[in-house]
Amino acid sequence: MDTLNENCGLPEINKEGKILAQLNLNADIPALKIFKYYCHEIASLYLKEPDKIFEFILCSDEVFVNCIVHGYKGKGGVVNIQFELEDNYLVTYIRDFGVGICEKYLEGIPELVEDPFCENGRGLFLVNSLSSKLEIERCQDQGTLVKIYFERMC
Amino acid sequence: MMIETCIKEHIKVVKVSGEVNFENYREFGDGLLRSIEGSHNILLDLGGLSYLNSMGLSCIVKAYAYVKKDRRDLRLCELQEHIKKLFTITKLDKMIALYEKQEDAFASYKK
């Protein structure tokens, strides 16, 4: 697979198959922009409605940023992305090889923290609320796999 | 992302436009805190804001807390529907007053 940050060119979106695109990206801001570009293009094809496209991009963004900030603690690493069609869902797989997500998120996304003035803790809550389904796995070898499901319009 | 401020009818209007994302949320947070300095109540006009992530939401919460500590108030107006939904989902609309139009927000300050 190409690592886009090495300027190998952007892989095309495969509109014919079940796997639409696979990316190997660095956990940094330039790669995040590339990821969001793909999210926009793919969402435009399969989700159609502008508000759903925004929500899809935002959810993907939040999870990728978690890879950067929490998975790799800002020290960099690789994020594997796969966009796939599964039944009537558009599914985004986001895998990092960092420290692994906190155990509490494996039992379900916590409700919002009680303190409304709390400045943190809204990212995954938003993803869980906006998407059709969210699955999180702490990987046996290393890191975290997040699967974000959005119901397709076509 | 752009922040513009003006004083109107003794209220400081802080207008945010563009996107707030991982790349610029710190700049947004710092700019917002600078904009709300002073003694005025604040009206945050988000009509031009097209993208807001959870870190941007946190910046707004921080600004609200700062203003409340100062015994002032901060209200929001002109949110685009997809942005307003974020405040609803996170229940921030129960804490921070949201108004559809700027004039409605001004009217609320006069009550």
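Among contacts in chain B between residues at least 6 apart in sequence, what percentage join residues at least 24 apart? The share is 72%, and the points below place that value beside other computed properties of this predicted model.

1. Fold of chain B. The secondary structure of chain B consists of 4 helices and 5 strands, and, read from the N terminus, these elements follow the order β-β-α-β-α-β-α-β-α. The radius of gyration of chain B is 13 Å, close to the 13 Å that the globule rule gives for 111 residues, so chain B is as compact as a globular protein of that length. The C-alpha trace of chain B spans about 35 × 25 × 25 Å when taken along its principal axes.

2. Burial and surface of chain B. Of the 111 residues in chain B, 51% count as buried. The accessible surface of this chain comes to about 5,400 Å², and carbon and sulfur atoms account for 47% of that area.

3. Charges of chain B. There are 18 positive and 16 negative side chains in chain B, and a separation of 6 Å lies between the centres of the two sets.

4. Cysteines and disulfides. A disulfide is a covalent bond between the sulfur atoms of two cysteines. Over all chains, the structure holds 0 disulfides, and two cysteines, one from chain A and one from chain B, may serve as examples. For Cys39(A), the closest cysteine sulfur belongs to Cys59(A) and is 9.8 Å away, which is too far for a bond because a disulfide requires the sulfur atoms to be within 2.5 Å. Cys39(A) is also buried, its relative accessible area being 0%. For Cys6(B), the closest cysteine sulfur is that of Cys77(B), and the 11 Å between the two sulfur atoms is likewise too far for a bond. Cys6(B) has a relative accessibility of 40% and therefore counts as partly exposed.

5. Surroundings of Gly71(A). In chain A, Gly71(A) is placed in helix H2, which covers residues 50–71. With a relative accessible area of 8%, Gly71(A) counts as buried, because the cut-off for burial is under 20%. Once its neighbours within four places in sequence are left aside, the contacts of Gly71(A) are with Asn66(A), Asp96(A), Gly98(A) and Val99(A). In addition, a distance of 7.3 Å separates the C-alpha atoms of Gly71(A) and Phe97(A), although these two residues stand 26 residues apart along the chain.

Conventions. Residues numbered from 1 in each chain as written. Chains lettered and ligands numbered in written order. Predicted model: local features only at pLDDT ≥ 70, side-chain atom pairs only at ≥ 80, totals over all residues. Heavy atoms only, no water. Helix = DSSP H or I, 4+ residues; strand = E, 2+ residues; numbered from the N terminus. Rg over C-alpha atoms; globule rule 2.2 N^0.38 Å. Buried < 20%, exposed > 50% of the residue type's maximum accessible area, 1.4 Å probe, protein only. Contact = heavy atoms within 4.5 Å. Areas by Shrake-Rupley, 256 points an atom, 1.4 Å probe, with all protein chains shown as cover. Lys, Arg positive; Asp, Glu negative; His and termini not counted. Charge placed at Lys NZ, Arg CZ, Asp CG, Glu CD.
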